[in-house]
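The following exercises are to be solved from the sequence and coordinates shown below. Each task is followed by a worked solution.

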Amino acid sequence: MKKILLTLVLLAGSTFVAPAEDLVILTTNDTHSNIDFDNNGRGGILPRKAIIDSVRKAEKNVILVDAGDMVQGTLYFKYFKGDVEYPLFNMMDYDIRILGNHEFDNGLDELAARWKDVKATRLSANYDFKGTPAEGLFQPYVIKKIGKKKIGFIGINVDPASLISKENYPGMKYKDAIATANTTAEMLRKQKKCDLIVAVTHIGYEAIPGKASDIELARQSKDIDIIIGGHSHTFVDPKTPDATPYWIENAAGKPVLVTQTGKYGRNVGYIKIDLDDIKDHDFDYEYIPVTDRFSPEAYDRNIENFLAPYRHAVDSVNSNIIAWSVQDMTNNTRTGAYPNWVADFGLTKGRLVADSIRASGKDFPEVDLSIMNVGGIRQPVTKGAITEGQILSTFPFSNCMTIIRIKGKYIIDALSVAATKGGEAVSGNMSVVTDGKGKLLKVIIDGNEMNPEREYVLSTIDYVAHGNDDLVTMANNTELWRGSHEMCQDVLGYLKHLTSLGIPVSSDPFSRFVEDVNIEIDKAK
């Protein structure tokens, strides 16, 4: 019945008023500067605002929460550095917001300048900003009183080590996510007498060995009732609870509701709580797809007018076709066509640089391989036209191409971590052989097993060369060359060169992280 009512409210614009004892929490996460619809008519700031407005009209008690990474991923941030997203989130009247890792992309000074104007309550319990430009901007928790009930919200952030470039958070100290969350939750329960405790997190859904996650936080907690998560882009779908469980038993044997809405603003999370039955965890968790189903009259005119000049600039770049793809290449997987294409580009670029340096009369070694991070691929490629704007959005970070010399053992160690995560982008002259369960067995390069003690010359980006994205041992290198402009400009130049030759974009679709064939043969026997 609740789902039927919600559908009627959204489609018919009903003004049904919920009983006072109900609380609705609307959630977003990892919207990543996706202001407009995608190619499938999903997402977009205007329909998202229409949904939020509809629910606010229908329900008496509504709290709107964002779990971080609202920037970085489209031209709106690439060109305007937050001038679009920060005002828009204020116009949407968020009640609670936390930081994602990408809020640090332009440095701590810029973060502080932007967040001082954020109207929502700013939460972070496990980042210590004392002595930094962001000191005093965030509080560890907030208590919202709804009727006679007290609802405590805690902000929990991801470990920045090997994820955020060190120069982007100087002086900030990280406190263990799970320990901080549990200590704060216990205080809210026992001292502040909160009836319900919600952790708003940007640590990721999946349980990964050695890392904090929403699953592990739920399992190790005793006082947290709901987790509203972000970071891993996981769509925790209540329709498929076996694939993405959303009720997790905690350390006291009680259920914790764990939610996350995927990415790019394609869904709004909807949690309805019967405040009279909090102890029984009478929570209704759903999601509302954000689509183009609304009529133009439902859209917020202030937002439309605000966006107009920015959208004009973005559209002009997005209309400039520079290449053509003969296949779809998704960025939703850690291996396959697009990661392969990016790593092969890295190897080609590295070898062209080496050839150019040698042609100038200087000594420079041959480039052996390329490793790139799949986290740097922010948009997919669809079969057909590729535009300049699409490439700038796909590779939005201020990373530079880099050539390093590094021992094989450090590459192997880094790829061992990559194997536990499901893979990484490696060049076509490589195969990473695993046991099929995330354990690396060996690395093959040019038909031979990688020698741990040999030094290899590797083409990558500076972010990877510094040991980020959990590829910590990659930092044990000697830099031989570093480009002077952003990687996206190199990709644009390469694509335009291919087009000038009449060559379309295509890639090997098969994973280069492969299960040992001997294991398969043993299984067959």
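**Exercise 1.** Which residues does G100 touch, not counting residues up to four places away in sequence?

*Solution.* The structure is a predicted model, in which local features need pLDDT of at least 70 and side-chain atom pairs count only at pLDDT 80 or more, while totals for chains, interfaces and linings use all residues. Residues are numbered from 1 along each chain as its sequence is written, and side-chain values use heavy atoms, with hydrogens and water left out.

Step 1. Locate the residue: G100 sits in the loop between β3 (96-98) and α5 (108-115). Helices (H or I, at least four residues) and strands (E, at least two) are DSSP runs, numbered from the N terminus.

Step 2. Apply the contact criterion, heavy atoms within 4.5 Å. G100 then touches G68, D69 and H202.

Step 3. Add the burial state. G100 has a relative accessible area of 3% and is buried; buried means under 20% relative accessible area, exposed over 50%, and partly exposed in between (1.4 Å probe, protein chains only).

Step 4. Compare sequence and space: G230 is 130 residues from G100 along the chain, yet their C-alpha atoms are separated by 8.0 Å.

**Exercise 2.** Assess the confidence of the model.

*Solution.* Step 1. The predictor's confidence in each residue, pLDDT, runs from 0 to 100. The protein chain averages 94, and 96% of the residues score at least 70.

Step 2. Residues 1-5 have a pLDDT below 50, and this stretch has five contacts beyond near neighbours in sequence. Over residues 11-19 the pLDDT also stays under 50, with 15 contacts beyond four places in sequence.

Step 3. Where pLDDT is low, predicted coordinates should not be read in detail.

**Exercise 3.** Compare the span of helix α2 with the expected one, and determine how many of its residues are buried.

*Solution.* Step 1. The expected span is 1.5 Å times one less than the number of residues. For the 14 residues of α2 (residues 45-58) this gives 20 Å, and the end C-alpha atoms are 20 Å apart, which agrees.

Step 2. In α2, 11 of the 14 residues are buried, so the helix is largely enclosed by the rest of the structure. Among them are I45, L46, P47, R48 and K49.

Step 3. Repeat the treatment for α13 (residues 487-500): its 14 residues reach 20 Å, close to the 20 Å expected. Its buried residues are M487, C488, D490, V491, L492, L495 and L498. After α13 comes G502, with a positive phi near 80°.

**Exercise 4.** Examine the backbone of D30 and H32.

*Solution.* Step 1. Both D30 and H32 belong to the loop between β1 (22-28) and α2.

Step 2. The phi of D30 is positive, near 50°, in a residue other than glycine. H32, likewise not a glycine, has a positive phi of about 50°.

Step 3. D30 is buried at a relative accessible area of 0%, and H32 counts as buried at 1%.

**Exercise 5.** Describe the environment of S459.

*Solution.* Step 1. S459 lies in strand β23 (residues 455-461).

Step 2. S459 counts as buried, at 1% relative accessibility.

Step 3. Beyond neighbours within four places in sequence, the contacts of S459 include G346, G350, V367, M401 and T402.
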